[in-house]
Amino acid sequence: MYKLKKCVLCGTETSLELSHIVPKMVMRTLKKTATGNIRNSQNPSVPAQDSEKHYMLWGNCEDLFSEKETYFANALFHPYIKGTG
Ligand SMILES: [Zn+2]
């Protein structure tokens, strides 16, 4: 689903994609390591299945974040979680 708005990173007015506020890899780790369900503060009685998403970036800028997120995940996040980083 798309909405025509300005990309928050570069200002291009186009169809934006839904971006996760908390990356999926972080949510997967939270779900594996949490002692209880992950909850959204706006509706805490229902366990969250996914992190909050908003229309913020268009495809090109979303791809930029995706590349950096992959680098961050491999270089820091996963080694830190495994205790090897
Ligand atoms: Zn942009």
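The zinc site and the two largest pockets of this predicted model are described below.

In the model, the zinc ion is held at distances of 2.1 to 2.3 Å by three protein donors, the SG atoms of Cys7, Cys10 and Cys61. Along the chain these donors follow the spacing C-x2-C-x50-C. Cys10 lies in the loop between β1 (3-6) and β2 (13-20), whereas Cys61 belongs to helix α2 (residues 59-82), so the pair ties together parts that are 51 residues apart in sequence. With regard to solvent, Cys10 is partly exposed, its relative accessible area being 41%, while Cys61 has a relative accessibility of 5% and counts as buried, because the cut-off for that class is under 20%.

The largest pocket encloses about 400 Å³ of space. It is lined by 18 residues, of which His20, Pro23, Glu62, Phe65 and Glu69 are the closest to its centre. At least two residues of this lining are supplied by each of β2, α1 (24-33), β3 (53-57) and α2, and the largest share, seven residues, comes from α2. By class, the lining of the largest pocket comprises 10 nonpolar, five polar and three charged residues.

The second largest pocket holds about 170 Å³ of space. Its lining is formed by Val22, Met27, Leu30, Ile38, Arg39, Asn40, Ala48, Asp50, Ser51 and Glu52, and these residues divide into five nonpolar, two polar and three charged.

Terms used. Residues numbered from 1 in each chain as written. Predicted model: local features only at pLDDT ≥ 70, side-chain atom pairs only at ≥ 80, totals over all residues. Heavy atoms only, no water. Donors = N, O, S within 2.8 Å, 3.2 Å for Na, K, Ca; no water. Helix = DSSP H or I, 4+ residues; strand = E, 2+ residues; numbered from the N terminus. Buried < 20%, exposed > 50% of the residue type's maximum accessible area, 1.4 Å probe, protein only. 1 Å grid on protein atoms, 1.4 Å probe; cavity = no way out; pocket = protein on both sides within 12 Å on 5 of 7 lines; lining within 4 Å. Points joined across faces, edges and corners; volume = space filled by probe spheres on them. Nonpolar A, V, L, I, M, F, W, Y, C, P; charged D, E, K, R; others polar.
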